[in-house]
Amino acid sequence: MPLLRAKRSLRATVFATLLLSGTALAPAASAAATPLYKNPHAPVSVRVQDLMARMTLDDKIGQMTEAERQAATPAQSATARLGSILSGGGSTPTPNTPQGWADMVDAYQRAATSTGLGIPIVYGADTVHGHNNVYGATVFPHNIGLGAANDPRLVEKIGAVTASEAAATGVKWGFAPCLCVARDDRWGRTYESFGEIPRNAVANSVIIEGMQGRSLADRTSIMATAKHFIGDGGTTGGVDQGDTQISLEELRRIHLPPFRAAVEHGVGSVMISFNSWNGVKDHGNKFLITDLLKGELHFGGYVISDWDGINQIDGQPGFTAAEVSQAVNAGIDMVMVPYDYQKFIDTLRAEVQNGHVPMSRIDDANRRILTKKFQLGLFEHPYTDRSQQKDFGSAAHRAVARQAVRESQVLLKNSHGVLPLAKKDNKIFVAGKNANDMGNQAGGWTLTWQGQSGERVIPGTTILDGIRSGAGKGTEVTYDRAGDGIDASYEVAVAVVGETPYAEGQGDRPGGLGLDAEDVALLGKLKASGVPLVVVTVSGRPLDIAAELPSIDGLVAAWLPGSEGAGVADVLYGDYNPTGRLSFTWPRSSAQEPINVGDGQQALFPYGYGLSYRRH
Ligand code: GLC
């Protein structure tokens, strides 16, 4: 046992002995009145031990249960002794404001801390590109853009801002970062990946340090979640929740390094992946969860299942007693049920009582969960610290996001120096469905699970806003989504095209990655005008644009920039000289998928590619 751990253990033992004998460290009267686990000066391990000694089996099973907020009221949550409540994507209180969230979370905490042992819940939500469920949050570029930015220090800052905005609403647990290594761009979650090889996720796993801060108990810190363990980005055909049919050697080489890095960053939780590995669902795989993650990687936090994830183990709808015991025995500590929480509790209780799940497994899970709750400071501060709400969506936070947008832009083509755009005495025609649409530029996981199109669905700046506000003296900017009105009087046309929002499997594109009919028609119309053409792709992945490329003079991959679309214009005008580099190989054709660096295929633009402006 390392020296530091030995010293901690000795200290804890000495402390407990002294305190329990009432001979030191606290006045005898208060020591008797205040249970040891409620003593903030006691070592966490001692508090956990004392609390667990007071817990019933139902108390312990409750801690291992997470329900969706729509499934349990605060009173029901307290009665079931639930350990956690979550907001699934788009599950928001009314009003959907920081105050509304804090009131909601605090109601659950009031109920939880009013029970006998008063164990607070921990509230979880998907903070995957900011606190994206909440209206008015700063919404950052999705991970695919941050991978192209290749600026881990900035990403750490993004983690800190995200945590500050989440903690201000009472959410002390973020289901992020996704450390998936997306190998097939047809996968609907490609944009949640930092890049196609592990180094991108490894480098950007530092976001965990930003989220968790110096201490989980800091009022601006939240607990991070490394997800999804393991192999979600490696499924055959890029099928979401599909089968990752690779050797253990390839699993270790491609998909494991980001989780090793996450553990080294002290990540508090790990979420298990829906996919199978060679035909076996991860949610039931003890080798992966217990031997690999908890054993070999020495992960000391707790493992959460994904949404209804244990239901998939036997391939049939719903969960059975066998699935519950297999998942818990595999090493899952907390189960995101999310609705049938009472059935889960009753089933797990029966599986313990009939010996299928040993009490040692229940105790290990509770030790892990309660350790994090003590470290989060939830016993001392169960209610939301609303002092941070003044900074929610602040200009300073948005400035961080705008810098991330700038750095994530990848300049892929710049014929005849069509870029940067002249600010003065110019005549710019802007077109395309993604030029003036906050919803499309933010992508999935924004206000709702799937995201949604809409010019102003969230506050911020569209790409067109940025082009307009960046225009200087004597410059005229015209916008028409369909390109109607384009003529030879314009100096340049900027077409902002690409994808509309999606999340998870609904974003799978087995049929190909080409532009949609609207975009193809638009580019044809603009090209026919003879005006120099700049194309900006707003998408969650590389798109199949080889056919259109010859008629494009300037090409910028903007990815999913989030709420600060003006950062794209900063690059178009040259206020920021593009530094982005592809963290995904850009295919010559969808038929090449999966296509990844080093596989010998001829890409349209290779991994690591990106241009900058030549400064005259
Ligand atoms: C989803 C996702 C996971 C998310 C969870 C809670 O199905 O797979 O990434 O954290 O459910 O919303």
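The legends below describe close-up views of a predicted model.

**View 1. A sheet of three parallel strands.**
Three strands, in the order E5-E7-E10, make up an open sheet with parallel pairing. Strand E5 (225-229) and strand E10 (302-304) are at the edges and have a single partner strand each, so one side of each lacks a neighbour in the sheet. On average, neighbouring strands of this sheet are turned by 25° against each other, direction ignored. Strands in a sheet are held in pairs by backbone hydrogen bonds, and the pairing is either parallel or antiparallel.

**View 2. Strands E5 and E7 with helix H12.**
Strand E7 covers residues 269-272 and pairs with E5 in the parallel sense over 4 bridges. Opposite phenylalanine 229 stands isoleucine 272, a residue of E7. Helix H12, made of residues 257-264, lies across both E5 and E7. Helix H12 runs at about 155° to E5.

**View 3. The ligand and the residues around it.**
There are 13 residues around the ligand, and the nearest are Asp126, Arg189, Lys227, His228 and Asp306. Three side chains are shown with the distance from one of their N or O atoms to an oxygen atom of the ligand. For arginine 189 this distance is 2.8 Å. For histidine 228 the distance is 2.7 Å, and for aspartate 306 it is 2.6 Å. The ligand taken alone exposes 310 Å², of which the protein buries 96%.

**View 4. A cis peptide bond in strand E5.**
Most peptide bonds are trans. The bond from lysine 227 to histidine 228 is cis, and its omega is near -10°. Histidine 228 is part of strand E5. Both Lys227 and His228 are also among the residues that come nearest to the ligand.

**View 5. A cis peptide bond before proline 95.**
The peptide bond that leads from threonine 94 to proline 95 is cis, with omega near 0°. Proline 95 sits in the loop between strand E2 (84-87) and helix H6 (98-112).

**View 6. Asparagine 278 and its backbone angle.**
Most residues other than glycine have a negative phi. Asparagine 278 is not a glycine, yet its phi is positive, at about 50°. Asparagine 278 lies in the loop that joins strand E8 (276-277) to strand E9 (280-281).

**View 7. An aromatic pair between two loops.**
The count of aromatic pairs in the model comes to 15. One of them is formed by tyrosine 191 and tyrosine 502, whose rings are 5.5 Å apart from centre to centre. The angle between the ring planes is 65°, and the pair is edge-to-face. This pair links distant parts of the chain, as the two residues are 311 residues apart. Tyrosine 191 belongs to the loop between strand E4 (173-174) and helix H9 (198-204). Tyrosine 502 belongs to the loop between strand E15 (492-498) and helix H20 (517-528).

**View 8. A sheet of six strands with mixed pairing.**
This open sheet has 6 strands in the order E12-E17-E16-E15-E13-E14, and the pairing is mixed. Strand E12 (410-414) and strand E14 (476-479) are the edge strands, and each of them pairs on one side only. From one strand to the next, the twist averages 20°.

**View 9. Strands E16 and E17, and helix H19.**
Strand E16 (residues 533-538) and strand E17 (residues 554-559) are paired in the parallel sense, over 5 bridges. Valine 534 has glycine 554, in E17, as its bridge partner. Helix H19 (residues 463-470) lies across strand E13 (427-431), E14, E15 and E16. Helix H19 runs at about 160° to E14.

Notes: Residues are numbered from 1 along each chain as its sequence is written. This is a predicted model: local features need pLDDT of at least 70, side-chain atom pairs count only at pLDDT 80 or more; totals for chains, interfaces and linings use all residues. Side-chain values use heavy atoms; hydrogens and water are left out. Two strands pair if DSSP finds at least two bridges between them. Axes are lines fitted to C-alpha atoms, for helices over the stretch in contact, and angles run from 0 to 180 degrees between N-to-C directions. Contact means heavy atoms within 4.5 Å. A residue is near a molecule or strand if one of its heavy atoms lies within 4 Å of it. A polar contact is a pair of N or O atoms within 3.5 Å; within protein, one must be able to donate a hydrogen and the other to accept it, and residues adjacent in sequence count only if both atoms are side-chain atoms. Accessible areas come from the Shrake-Rupley method with a 1.4 Å probe; for residues, only the protein chains shown count as cover. Rings of Phe, Tyr and Trp (its six-membered ring) pair if their centres lie within 6.5 Å; planes under 30 degrees apart count as stacked, over 60 as edge-to-face and the rest as tilted.
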